[in-house]
Amino acid sequence: MEVPILKQGHFLIASIQSALTDADLSQLREALVLRVGKLRARGVIVDVTALDVMDSFAVRTLRDIAHMTRLRGAETVIVGIQPEVAFAMVQLGLTLKGVATALDLEEGLAFLDRFTKERFERA
Amino acid sequence: MREETLQPVSSDVDIVSARQKGRELAAKAGFSEGDQTVIAAAISEIARNILMYAKRGEVSVTLANSEDRIGVIVVARDQGPGISDVARALQDGYSTSGGLGLGLPGARRLMDEFEIHSAPGQGTTVTMKKWRRSA
């Protein structure tokens, strides 16, 4: 199932609606890396509220998304990791080190606002 | 109470089905949402290992009643190439597939009991159990 990607101002919002296969996750990664350029986005939010489990492949793909979009000049923030999912992730040894996270969409947008203000308005 | 689900694994969609079936059974057994997620995550890792190394296999999840406790038993079987160094495969960060190397050791941490039988050319069987915390 393809994840819809919306544009809001300078940001892209990918809102995951249901369980994703490995292929779906890879497709999301390619789509975001491309669209950051096409739509000249400065920030990306991946909303994982609907994911009831995140295994090593999902976490690796999210980390790749964050690192790849950063190389393209956009900051990514992962929002909506559920408490049980966080618990299982830590036990699995999965950390998302170096990737911004926020509680929910609202906090994610606030984070990107601050982040991009600092980066783009100082210049 | 005895119930079992069996999920053949030969594509990435089957990984999702296997962990969803496991979660449903764990819910039926009365596991907390946290434990359901833990079981689903462990199933996801071992089902992916089947796909990655053996191409096909199966994951069964069974409800288990043992004297005073209730749990789930997950068995993942394949007829793939097998693992030549099981001890090494259970180390964090060791992978021959370019993955994170957290699948087997991670699944072992998530579950209460974990056993693996494998030898080159003999396929691999992973048996994992999780017991419900008694109320």
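Begin with chain A of this predicted model and select its five strands, which form an open sheet in the order β1-β2-β3-β4-β5 with mixed pairing. At the edges you will find β1 (5–8) and β5 (100–102) of chain A, each of which pairs on one side only. Looking from one strand to the next, the twist averages 25°.

Next, colour β1(A) together with strand β2 (residues 11–15) of chain A, since these two pair in the antiparallel sense over four bridges. Within this pair, show A:Lys7, which stands opposite A:Leu12 in β2(A).

Now add the helices of chain A that lie against the sheet. α2(A) packs on the sheet and touches β3 and β4 (75–79) of chain A, its direction making about 155° with that of β4(A). Then select helix α4 (residues 105–121) of chain A, which lies across β1, β2, β3, β4 and β5 of chain A and runs at about 165° to β4(A).

Move on to chain B, where an open sheet of five strands has the order β1-β2-β3-β5-β4, with antiparallel pairing. Here β1 (4–9) and β4 (113–118) of chain B stand at the edges with a single partner strand each, so that one side of each is left without a neighbour in the sheet. Neighbouring strands of this sheet in chain B are turned by 15° against each other on average, if direction is ignored.

Helix α2 (residues 33–54) of chain B is the next selection: this helix packs on the sheet, where it touches β1, β2 (57–66), β3 (69–78) and β5 of chain B, and its direction makes about 15° with that of β3(B). Helix α4 (residues 103–110) of chain B also packs on the sheet, touching β4 and β5 of chain B, with a direction at about 145° to that of β4(B).

Stay with those two strands and display β4(B) beside strand β5 (residues 124–131) of chain B, which pair in the antiparallel sense over six bridges. B:His117 stands opposite B:Thr125 in β5(B). Following the backbone from β4(B) to β5(B) takes you through a hairpin with five residues between the strands, and B:Gly121 in the turn has a positive phi of about 80°.

With both chains visible, turn to the interface, where 20 residues of chain A are in contact with 24 residues of chain B. The area buried between chain A and chain B is about 1900 Å², and carbon and sulfur atoms give 57% of this area. On the side of chain A, select A:Val53, A:Gln91 and A:Leu92, which lose the most area to chain B and together account for 29% of what that side buries.

Which polar features cross between the chains? The interface of chain A and chain B holds ten residue pairs in polar contact, and the count of salt bridges between chain A and chain B is four. One to display is the salt bridge of B:Arg23 with A:Asp52, in which the closest N and O atoms are 3.0 Å apart.

To see what chain A contributes, select α1 (22–38), α2 (56–71) and α3 (83–92) of chain A, each of which supplies at least two residues of the side that touches chain B. Of the elements on that side, α3(A) gives the most, with six residues. Sorted by class, the side of chain A that touches chain B has ten nonpolar, four polar and six charged residues.

For the last stop, consider the whole structure, in which a search over all chains finds twelve salt bridges. Centre the view on B:Arg48, which forms a salt bridge with A:Asp55, the closest N and O atoms being 2.6 Å apart. This pair crosses between chains, from B:Arg48 in helix α2 of chain B to A:Asp55 in the loop between β3 (43–47) and α2 of chain A.

Terms used:
Residues numbered from 1 in each chain as written. Chains lettered and ligands numbered in written order. Predicted model: local features only at pLDDT ≥ 70, side-chain atom pairs only at ≥ 80, totals over all residues. Heavy atoms only, no water. Pairing = 2+ DSSP bridges. Axes fitted to C-alpha atoms, helices over the stretch in contact; angles between N-to-C directions. Contact = heavy atoms within 4.5 Å. Buried area = accessible area lost by both parts, 1.4 Å probe. Salt bridge = Lys/Arg side-chain N within 4 Å of Asp/Glu carboxyl O. Polar contact = N/O pair within 3.5 Å; in protein donor to acceptor, adjacent residues only side chain to side chain. Nonpolar A, V, L, I, M, F, W, Y, C, P; charged D, E, K, R; others polar.
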